[in-house]
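Q: I have a structure open on my screen and I'd like to learn how to read it. Can you walk me through a few features?

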Amino acid sequence: MPSPLAELHLHLEGTLEPELIFELARRNGVTLPYRDLDDLRARYRFRDLQSFLDLYYANMATLRTAADFERLTWAYAERAHAGGVRHAEVFVDPQAHTARGVPTETVLRGVAAGLGRAESELGLTSGIIVCVLRDRPVAEARRMLEESLAAGVPLLGIGLDSAEVGYPPSLFADVFTAAAEAGLRRVAHAGEEGPPEYLWQALDVLGVERVDHGVRCLEDDVLVRRLAAEQVPLTVCPLSNVRLRVVDDLAAHPLRRMLDRGLLVTLNSDDPAYFGGYVDDNLRQCRDTLGLTGAELATLAANSVRASFAGAGRKAELL
Ligand code: HPA
Ligand code: ZN
């Protein structure tokens, strides 16, 4: 099986495994509302995106120090590397931490330390994409961007995540313009639960270079033709789509259809601690359930490198 090579849709806070939640809670004196690991694990059955986000944000209460973020990041890097990942562009949600008193600088310094260790010990190259929580005020997003740029940590890009329906990309046009002026690459979640219109806005109002998820593009034929013609990458997360009921089951996932329409699709894990697998698990289960051929798996791997923001030299090494 070819390596997934580059992972482009991965929320670091979504790699917080149940065991680490309990360990950090003990160390930081955080009281968890769960009796034990089994009680926590029993809650990993989601109805939709919001029911997942409620647990995702609650569990972040255990992350308090830069060392906690470094630990989280290193654990992800080790696991992803073992699954074949050689380059990772990782999402972080600073507003989810400032809202509970952990400064953006603490978060980003910890993450950067973990990624630095991953590069020196594993040869895993990476970048940080700070995400706007779209269901929070625009002024807060602006502050998040300013604090992130001032944190003294190299940033790769800006993204847009959290509850999608009712929060169109256009709300954040000014924030994304400011991010682009500061030299950040732009991506956004669109078309996971939200309509195709949100992909149009992400492209034409925010100026994104990649769309995260984007599976609902298939409902708009003109949009599909544009995405294919411009080879806009879509970072698809099949196991996430199953767990959040975006699709009925893996057999019904449109990954194959997306490839057949000529879309530049990449395969990713989204929040692997919550959705039942890392990127290699996604690849394996899609191969077994959707019958992906060796050529299709190789295409997905090559797409991930082409769609990444790695420099030309690094891309050539990985392809
Ligand atoms: N969608 C939107 N926001 C998120 C997700 C997701 O899949 N994971 C973490 N934040
Ligand atoms: Zn996501």
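A: Sure, let's start with Glu 192: with 23 C-beta neighbours inside 10 Å, Glu 192 counts as buried. The rule is that a residue is buried if 20 or more other C-beta atoms lie within 10 Å of its own, exposed if 12 or fewer, and partly exposed in between, with C-beta atoms placed from the backbone. Keep in mind that this is a predicted model: local features need pLDDT of at least 70, side-chain atom pairs count only at pLDDT 80 or more, and totals for chains, interfaces and linings use all residues. Residues are numbered from 1 along each chain as its sequence is written, and chains are lettered from A and ligands numbered from 1 in the order in which they are written.

Q: Where is Glu 192 found?

A: Helices (H or I, at least four residues) and strands (E, at least two) are DSSP runs, numbered from the N terminus. Here, Glu 192 sits in the loop between strand 5 (185–190) and helix 9 (196–204). UniProt, in an unreviewed entry, lists Glu 192 under "active site"; such annotations may be inferred rather than shown by experiment, and positions follow the numbering used here, with feature names shortened.

Q: Which residues are around ligand 1?

A: A residue is near a molecule if its C-beta atom, placed from the backbone, lies within 6 Å of it. For ligand 1 that list includes Glu 192, Ser 162, His 11 and Asp 270.

Q: Ser 162 is in that list. What is phi of Ser 162?

A: Phi of Ser 162 is near 80°, a positive value in a residue other than glycine. You'll find Ser 162 in the loop between strand 4 and helix 8, and it's buried, with 20 C-beta neighbours inside 10 Å.

Q: Which residues of helix 8 are buried?

A: First, the general idea: an α-helix has 3.6 residues a turn, so residues three or four places apart point the same way. In helix 8 (residues 173–181), Val 175, Phe 176 and Ala 179 are buried. They cover an arc of only 95° around the axis, which puts them on the same side of helix 8; the arc is that of the directions from the helix axis to the C-beta atoms. Asp 174 and Glu 181, on the other side of helix 8, are exposed.

Q: What comes just after helix 8?

A: Gly 183, just after helix 8, takes a positive phi of about 95°.
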